[in-house]
Structure formats: structure tokens, C-alpha cells
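Thanks for sharing this one. Here are a few notes to read alongside the structure, starting with the ligand and then moving to a sheet.

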Amino acid sequence: MNKLVDNLNNPDDVRLSSLSHLESLESESIHILREVASECENPALLFSGGKDSAVVLHLALKAFYPERLPFTLLHVDTEHNYPEVIQYRDAVVSHNELKLIVASVGDSIKKGRVHLRAENEPRNKHQTVTLLDAIEEHGFDVCIGGARRDEEKARAKERIFSFRDEFGQWDPKNQRPELWNLYNARVFPGENIRVFPISNWTEEDVWEYIKREDIQLPSIYFSHRRSVVRRNSLLVPITDLTPPLDGEDVEEMFVRFRTVGDITCTAPVASSARSIDEIIFETKTTRVTERGATRLDDQTSEASMELRKKEGYF
Amino acid sequence: MDGLNQSAVSGLLRFITAGSVDDGKSTLIGRLLFDSKTLHEDQLSAIEASSRKRGMQSVDLSLLTDGLSAEREQGITIDVAYRYFSTPSRKFIVGDSPGHIQYTRNMVTAASTADVAVILVDAESGVKTQTRRHLYLAHWVGVSRVVFAVNKMDTIGHDQTAFELIRDSLIDLARGIGYEAVDVIPVSALHGDNVVNRGDNMPWYLGSTLLEYLEQVPGAHDSSNQIFRFSVQRVLRVNRDNVQRCSDFENMDCRGYQGLILSGTVQVGDQIAVSQNGSQATVERILLSNKEFGQSATSGQSVTIFLEHDIDVSRGYTFSKSDQPMSVARDLDAALCWFDEVPFDGSKTYLMKHGSDSVRVKVKEIQYRVDVDSLEKLDAEHRMVMNDIARIQLRSQRDIAFDKFTVNRQTGVFILIDEINNHTVAAGTIQ
Ligand SMILES: Nc1nc2c(ncn2[C@@H]2O[C@H](COP(=O)(O)OP(=O)(O)O)[C@@H](O)[C@H]2O)c(=O)[nH]1
């Protein structure tokens with residue numbers, strides 16, 4: 001009756017049972033999400049409609065299946081969106097009957113919490129104020145995010161359960177030790193934990209998982225025609241918010257987005273990849289990192305992500 | 001090579017790199033990423049630019065692991081940086097650990113999830129205090145395999161005899177600490193010999209290069225052949241009012257137990273026991289992460305277990321097979337590593353997190369502290385300060401279910417939290 005003894009004597013069985021790398025990553029993420037649900041009072045899942053947050057939401061639905069999601073979704077909205085992303089966000093929310101709170105940078109501007117220096121400037125960094133205000137207003141003790149450690153060097157150092165003080169600040173010099181799979185999710189009122197269930201996933205893992213799980217995404221992740229200009233080795237999409245500068249040539253190109261965010265600071269890459277398989281192929285063979293190819297804002301200073309995170313960014 | 005078994009390789013390997021400052025860890029990681037062609041152009045052009053700014057002729061690979069500005073201000077690496085790369089045969093997660101003693105807690109954070117420790121040793125200057133400390137701590141958190149990269153072989157003329165002397169002493173050292181598998185590779189991170197490519201400088205070395213080793217070494221975390229242990233994270237309650245919109249789940253009004261299989265395997269029909277209260281039940285169904293029911297599940301999988309009849313189970317409880325029970329006790333022997341700047345306070349209770357269980361504990365006695373350098377016992381006088389490792393006796397508020405750490409890496413570990421400030425103040429292994 002005891003199968004384990006057989007296993008012990010038969011190393012072949014043991015080998016068969018070991019998990020593939022996607023299975024181990026998925027299992028780790030589900031474990032993390034279940035810890036959040038059990039240990040925390042009022043968690044929010046940050047959902048922007050981007051691929052990483054789509055993967056986190058998918059994992060969360062699996063983690064609690066068939067029970068409803070024990071989290072509220074929170075979108076910190078720059079209002080600098082591609083319409084396809086917002087349509088996608090709303091479709092996912094209604095399809096799954098989820099609860100979504102939208103906290104917009106526009107409202108923070110109206111309330112005088114955010115001051116713009118230029119009308120159409122990137123609102124990426126302003127999201128911090130909107131996020132922290134939303135955390136306070138709704139009393140979230142945890143925000144679950146889709147950040148990955150392979151994205152950027154400040155992220156590479158962050159814990160899975162990342163403590164933020166009552167000012168939302170991250171202190172990279174003094175992170176809580178985080179051993180084995182034992183997470184410390186404890187906070188006092190006003191403090192907050194950011195939890196990153198896909199910390200250990202790479203861009204390639206995300207795409208392979210999207211394929212395996214058949215996760216739907218906004219259409220702009222796939223190759224499409226778009227007007228762009230070439231600026232500082234990046235492609236800048238031409239929109240109402242981002243008109244061409246004097247002397248720039250507007251070109252029509254086939255592009256796709258590797259990451260979606262504020263229109264004014266997210267660049268697409270030239271690509272003819274229309275299917276997930278083609279995207280996976282490009283991801284495996286690309287010579288440029290996700291951020292290097294797409295972020296207009298991180299290149300200003302070597303430490304810009306680190307600074308933003310210290311101030312309370314995602 | 002020691003303990004290598006090609007057929008047992010699984011998809012993902014987690015390893016740490018550690019060693020004393022200046023032994024060449026940054027250069028080695030840079031070399032590994034560069035020669036395995038996993039670097040991207042923008043990463044390369046960034047380090048080319050930094051190298052030029054610093055007036056260097058060639059690209060300094062160590063700049064790839066350059067840290068945060070918070071760290072540059074102090075000129076030391078404070079925390080672990082995780083790096084990801086893959087070769088056609090495997091994916092790797094590297095925990096690049098800080099060397100400074102003050103940040104031991106961050107080094108053990110990295111080591112606690114690693115399958116293998118890669119420890120750098122300078123061929124000329126040999127083992128230093130920090131090397132020994134890292135070696136001890138990696139083993140202490142559960143790493144059972146170590147590979148030493150004896151670096152800067154160029155500085156000793158790629159000498160075989162000198163290498164063999166170092167090799168033998170490293171093997172003795174690691175075996176003395178308790179490592180099950182020990183390998184030693186002569187490398188030159190600066191010139192690339194035996195990191196990814198073999199190079200021409202050490203034809204006498206016939207073993208694997210470092211990358212070959214990493215591609216072939218088994219992931220030590222595969223504990224599916226151990227005794228079954230399952231820690232209940234959450235009780236799932238299914239009823240008509242709380243099911244997901246897109247669920248085709250048919251049974252309503254049932255309870256399931258969500259959690260991670262910590263070790264072993266479980267099958268439908270198995271008789272399980274709840275370690276905390278002794279109740280028993282038969283596994284009726286196992287809901288897998290693909291939302292389908294499976295016949296069995298194994299170590300490392302997050303699943304939901306349904307039992308044939310309802311028993312008293314809540315978060316923190318552990319399932320075992322009825323004939324392979326866990327130990328249950330209130331008094332425990334443990335090896336503790338104290339992390340916090342505030343020293344241990346014998347009058348306090350601390351919150352212990354163990355699996356998904358949380359329980360208050362007191363440290364009854366500190367038997368001795370360990371000098372990590374000499375491995376000798378020091379007397380303790382009921383005090384522990386940051387970075388101390390001590391053998392202690394704990395008393396918990398109620399029974400806890402556990403296995404000894406030497407038997408089960410998953411159920412034999414815990415952390416301590418100070419409820420006054422919520423700091424994670426210590427980690428321990430049950431002895
Ligand atoms: N001769 C020689 N020097 C090396 C080798 N590997 C690293 N170094 C040098 O040792 C110094 C310290 O290296 P680094 O990688 O920064 O050490 P870390 O402090 O361990 O990260 C640097 O000057 C490196 O160029 C090697 O294989 N041979």
C-alpha cells in the first residue's frame with residue numbers, strides 16, 4: 001500500500017515527478033498569493049492591463065479556484081493610455097466579475113496633489129502619489145504587483161514581500177531577511193507590503209506561460225502598423241500626446257509593445273511577430289533588454305528606478 | 001565529478017555566488033554571463049561606457065553586477081541581487097550574495113533557496129574568514145552541494161600542484177562542515193579559463209568547466225522521494241455565492257485544503273493524518289493548478305486537497321500519511337542565527353513562523369554559540385547579538401508539528417518575528 005517506499009527504491013519515478021521550470025515558478029507564485037490572502041486583511045492586486053499584471057491575475061484566479069478572488073483590483077491610471085489596454089482591462093474585469101478601483105493621476109492633479117511642469121509630461125513618476133493616496137483612502141495593507149527582478153537592477157534586489165514604511169518608502173539598506181518560503185507579511189496600520197509573486201520570472205518565462213495558459217492580452221502586444229519616429233535609438237509612437245518634433249520624419253512601421261505603460265514614455269519595438277510563438281522566438285533572440293528597448297524614462301539616470309522606488313513607486 | 005548524475009537534471013537551478021571581497025566574484029559572474037552569450041546589447045554598451053568613463057582600456061565585466069546608488073555611497077554590496085540567465089539546457093537563478101559580515105542576513109536570504117553554492121577562493125591567498133563563514137552559513141540554511149571556483153589561477157602560473165593542495169584543503173573544509181557533494185574547479189575569471197570555455201592554460205585539468213557543472217548538477221530541492229508533508233495555507237470553502245464567474249466546478253458546499261506539498265507525493269485514496277490533532281481522513285480528490293483533478297501530486301506543487309469527510313483543519317495544520325507521522329512537541333532544540341541589530345532579549349516572547357503556522361515562543365536556554373571561523377563552541381550566557389549562531393532550546397505556546405532539519409529541509413525551519421516592530425529577527429533550524 002505504501003507507494004513512497006517504491007519511490008525510494010525506484011529512482012526513475014522520482015525523476016519523472018520533478019517539475020518543469022514553469023511549473024515550479026507557477027507553484028511558487030500561487031504559494032505567495034495564498035500567503036497574502038491568509039495573512040493580510042485588505043490586499044489590492046495592481047492591475048494595469050499589461051502582460052505582467054495579466055499573468056499575476058491569471059495566477060491569482062488559479063490560486064483560489066473555484067473561489068472568488070479575495071482581492072480588489074487597483075489600477076493606478078496615468079490617463080496616458082492606449083485605448084486597447086483600457087478596453088482589455090475592462091473586458092477582463094467584467095468577464096470575471098471582479099471588483100476594480102481606478103485611481104487616476106488626473107484626479108491627483110485636480111486635487112492639487114500632483115503638479116505638472118509640462119502639460120503632456122510623462123506621468124510615470126506621478127503614479128507614486130496617486131498610489132499612496134489610494135492605499136491610504138482604501139486602507140490597503142498589501143499591494144500585489146507584477147514586477148520582475150530581471151527587469152532592472154533596483155528590482156533585482158527587492159524582496160518578494162517588500163516592506164514599505166508609513167510614507168510608502170522602500171529602504172534598500174534595511175530589507176527584512178526572507179528565508180526559505182517563510183514570508184513576513186506583518187505591518188502596523190499605515191504601513192504597507194508590496195508583494196511580487198512573479199519576482200523570479202523572466203520576460204521569456206512570462207511569454208511561455210502566456211502561451212501555455214492561453215492568456216489573452218491587449219492587441220498592441222502583437223505586431224501592428226503604427227506611425228513612429230526614431231529618437232535616441234528608440235521608436236517613439238506618434239499620438240496626440242507625443243507629436244513629432246521639428247525635423248523628425250514620421251514613418252509607418254510594423255511594431256509591437258514589449259511592455260505597456262504611459263504613452264509618453266513607453267516605446268514599441270519593430271516587429272512582425274503576430275503570434276505568441278513568434279514573440280517567444282524574438283524574446284529568445286533579442287539583443288536588447290525589455291527596459292532598454294522600451295523605456296524612455298529610465299535612461300535619464302542610472303538610478304531613476306531606485307529613486308522612484310524609495311519614494312513609494314510600485 | 002562528485003555526485004553528478006546527468007539524467008536527474010531538472011529545468012531550473014538556483015545557485016548563490018559568495019566569497020570574500022576581491023576574490024573575483026563580480027568578474028566571475030560577468031564572465032559567466034558574457035561567455036554564455038546571455039548579455040544584451042544595452043547591458044554591454046552600458047558597461048562599455050562605464051569602463052571608458054573610468055579610463056579603462058578593455059571592458060570591465062565586474063561592472064555588470066554594479067549595485068544600487070545606496071550601496072555605491074558606502075562602497076559595499078549590502079543586499080543580494082538576483083540574476084537570471086539560461087543556456088539551451090537549463091534556466092538559472094543566481095543569488096549574488098554580499099560579502100560583508102554586517103549583511104550576513106542577506107547572504108543567508110539568498111542561500112536559503114539555493115540548490116548549490118558557488119564559493120570563490122583566491123588561488124594565491126586561499127581561504128579567508130569570510131569564505132569560511134559563507135561556506136558554513138550556506139550549509140546551515142540547507143545547501144548540501146558546493147562548488148569552489150579557485151580563481152586567479154593566472155596569478156599562480158596555472159600551477160597544477162598548487163591547485164591540488166588548495167583543492168584538498170577545500171574538500172576537507174567543506175566535508176568537515178557537512179556538505180554532501182564538493183567540487184573544485186580551477187578558473188581564471190579575468191581571462192575566462194574554465195568558466196564557460198576551457199581555455200588553453202590548464203590542459204592538466206580534465207573536469208567540468210563551471211558552466212558545465214551548473215548545467216549538470218541536480219537541483220537538490222527535489223524532495224519528491226521524501227516522506228509526504230503538506231502545510232495547509234488556507235481552507236477553501238465552495239458555495240454558490242462565492243464561486244468564480246468562469247468556474248465549471250460542480251460540487252458545491254465542500255471544503256478543500258490549499259497549500260504546498262513540502263515533500264513527498266500524495267495520491268487519491270491515501271490515508272492522511274493531521275499532525276496537530278491526530279484526526280485522520282482519506283484523500284478524495286486533488287485539485288491541481290490547471291483547475292483539473294489529478295490522481296496524485298508531488299513535492300513543490302501548490303494544490304487543493306479534498307478529503308472524504310470533514311475534519312477539524314485550519315491554517316497552519318500539517319498533513320502527513322497516517323503511518324509516517326511528524327514529531328509533535330512544545331519544547332524544541334534549534335540552531336538559531338540572530339539577524340537583528342537589537343540583541344536577543346531573554347524576557348521576550350517572539351512570534352515563530354513555521355510552514356504556515358504562527359505561534360509564540362520563548363527561548364528557554366542558549367546552550368552555546370558557534371564560532372563560525374574555528375567551528376568551536378563558545379559559551380553563551382543567555383545572550384545573542386547580530387550574526388551570532390547559537391544552539392538553543394525553545395518553548396512554544398502550544399504543540400507544533402515538525403521534522404528535524406536534517407531529515408526535512410521544509411518542515412524543520414522557522415523564522416522569528418519581534419511583534420514590537422515586526423522585524424524578522426532570527427531564523428532557525430530544528431535539531
Ligand atoms: N589576475 C586575475 N585577477 C582577477 C581575476 N578575477 C578577478 N580579478 C581581479 O580581482 C579584483 C577583484 O575582482 P572583483 O570581481 O571586483 O571581486 P569581488 O569583490 O569578489 O566582486 C579585480 O581587480 C579583478 O580584475 C583573475 O582570474 N585573475
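1. How far is an oxygen atom of the ligand from an N or O atom in the side chain of B:Ser26? Do keep in mind that this is a predicted model. The distance between the two comes out at 2.5 Å.

2. Two further polar contacts are worth a look. The side chain of B:Asn151 places an N or O atom 3.0 Å from a ligand oxygen, and a backbone N or O atom of B:Gly24 also lies 3.0 Å from an oxygen atom of the ligand. As for burial, the ligand taken alone exposes 580 Å², of which the protein buries 74%.

3. The surroundings of the ligand comprise 15 residues, and those that come nearest are B:Asp22, B:Lys25, B:Ser26, B:Thr27 and B:Asp154. By class, the shell holds 7 polar, 5 charged and 3 nonpolar residues. Helix α1 of chain B (residues 25–35) gives the largest share of this shell, with 3 residues.

4. Now over to chain A, where 4 strands form an open sheet with antiparallel pairing, in the order β8-β7-β9-β10. The edges are taken by β8 (234–237) and β10 (269–270) of chain A; each has a single partner strand, so one side of each lacks a neighbour in the sheet.

5. To follow one pairing in detail, try strand β7 of chain A (residues 224–231), which runs antiparallel to β8(A) over 4 bridges. Among the residues to find there is A:Arg231, whose bridge partner in β8(A) is A:Leu234. In general, strands of a sheet pair through backbone hydrogen bonds.

Technical notes
Residues numbered from 1 in each chain as written. Chains lettered and ligands numbered in written order. Predicted model: local features only at pLDDT ≥ 70, side-chain atom pairs only at ≥ 80, totals over all residues. Heavy atoms only, no water. Near = heavy atom within 4 Å. Polar contact = N/O pair within 3.5 Å; in protein donor to acceptor, adjacent residues only side chain to side chain. Areas by Shrake-Rupley, 256 points an atom, 1.4 Å probe, with all protein chains shown as cover. Helix = DSSP H or I, 4+ residues; strand = E, 2+ residues; numbered from the N terminus. Nonpolar A, V, L, I, M, F, W, Y, C, P; charged D, E, K, R; others polar. Pairing = 2+ DSSP bridges.
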